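Q: Please take a close look at one part of the model shown here and walk me through it in a connected way. I would like to see how that part relates to the rest of the chain.

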Amino acid sequence: LRTGLTRLYNAPTVDRVWSLSGGRSIMTYTVQLIEQAQKEIYLVVTDDDLEGLRSAIQAACARSVDVHTLLTGEASLDCGEIAHHPPLESELHGLTGMLLVVVDNQEVLISGKDHELATITRNAHLVGIARQFVWMEFFTQRIRTRLGADLLERLDPQDRQIFESLNVLAETRSGKRRR
């Protein structure tokens, strides 16, 4: 009985999924995650979240942490690898308002649009899926920059529309096009 109970008592907690509620608590925990990062951070952030996290992100970059930030709004950041998610695709995927942080391939925080509830876990499978999601978005953006008009024309209309919406956003940022 002692051996069996000891195994239960010492069971690892890394696979548990936790909930955190309240916008302030979520942002405080997110800042702590970023500050504790040692190797890499993958982020999906809105403009509002970026403003609250900017100094922590820049400090991570200054510590030589590899920071990969997928922006779902129009704000910009001057450190790490940056990609802008196409607005139309963000709406289709339900990413508008989402906050996602993966730190050192060990922990993930995901918060929905209202930031009233977040999910936190160290479950290796869930952390891996979240990291892979952000990585694939960066991969897609790198591929998009290499697609020529001839390849874009071969895409299905709905897929082409997503890439075209990103091009409009890029032109607006560069000042080539006015809204």
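**A close look at helix α5**

A: Ile143 is partly exposed, with a relative accessible area of 38%. Please keep in mind that this is a predicted model. Ile143 belongs to helix α5, which covers residues 124-146, and that helix makes a good thread to follow.

Let's begin on the surface. Ile143 joins Trp135, Met136 and Phe139 in a nonpolar surface patch, and together the four residues have about 320 Å² of accessible area. For the wider setting, the protein exposes about 10800 Å², of which carbon and sulfur atoms supply 51%.

Now for a contrasting residue. Val134 also sits in helix α5, but its relative accessibility is 0%, so Val134 counts as buried. Leaving out residues up to four places away in sequence, Val134 touches Tyr42, Leu43, Val44 and Leu100. One of these partners, Leu43, is 91 residues from Val134 along the sequence, yet the two C-alpha atoms are 7.3 Å apart in space. Tyr42, Leu43 and Val44 come from strand β2, which spans residues 40-45, and Leu100 comes from β5, residues 99-103. In the protein as a whole, buried residues make up 39% of the 179 residues.

Charged side chains give helix α5 further links. Arg131 forms a salt bridge with Glu40, and their closest N and O atoms are 2.7 Å apart. Glu40 lies in strand β2 and Arg131 in helix α5, so this pair ties together parts that are 91 residues apart in sequence. The Glu40 end of the bridge counts as buried, at 15% relative accessibility.

Arg142, also in the helix, meets Glu81 in another salt bridge, at 3.1 Å from N to O. Here too distant parts of the chain are linked: Glu81 is in strand β4 (residues 81-84), and 61 residues separate it from Arg142. Both partners count as partly exposed, with relative accessibility of 31% for Arg142 and 28% for Glu81.

The count for the protein comes to four salt bridges. Among them is the pair Glu51 and Arg54, with closest N and O atoms 2.7 Å apart. Those two residues both lie in helix α3 (residues 47-62), three residues apart, or about one turn of the helix.

One neighbour of Glu40 also deserves a stop. Asp104, in the loop between β5 and β6 (107-111), has Glu40 among its contacts, along with Gln36, Ala37, Gln38 and Lys39, when neighbours within four places in sequence are left aside. Asp104 is buried yet has no salt bridge, and Lys39, the nearest side chain of opposite charge, is 6.6 Å away. The side chain of Asp104 does reach the backbone nitrogen of Gln38, at 2.9 Å.

Finally, let's step back to the whole chain. The protein has seven helices and seven strands, which follow the pattern α-β-α-β-α-β-β-α-β-β-β-α-α-α along the sequence. Among its contacts between residues at least 6 apart in sequence, 60% join residues at least 24 apart. Helix α5 supplies good examples of such long-range pairs, including Val134 with Leu43, 91 residues apart in sequence.

Technical notes. Residues numbered from 1 in each chain as written. Predicted model: local features only at pLDDT ≥ 70, side-chain atom pairs only at ≥ 80, totals over all residues. Heavy atoms only, no water. Patch = residues over 30% accessible without salt bridge, like charges linked within 9 Å, V, L, I, M, F, W, Y side chains within 5 Å. Areas by Shrake-Rupley, 256 points an atom, 1.4 Å probe, with all protein chains shown as cover. Helix = DSSP H or I, 4+ residues; strand = E, 2+ residues; numbered from the N terminus. Buried < 20%, exposed > 50% of the residue type's maximum accessible area, 1.4 Å probe, protein only. Lys, Arg positive; Asp, Glu negative; His and termini not counted. Polar contact = N/O pair within 3.5 Å; in protein donor to acceptor, adjacent residues only side chain to side chain. Contact = heavy atoms within 4.5 Å.
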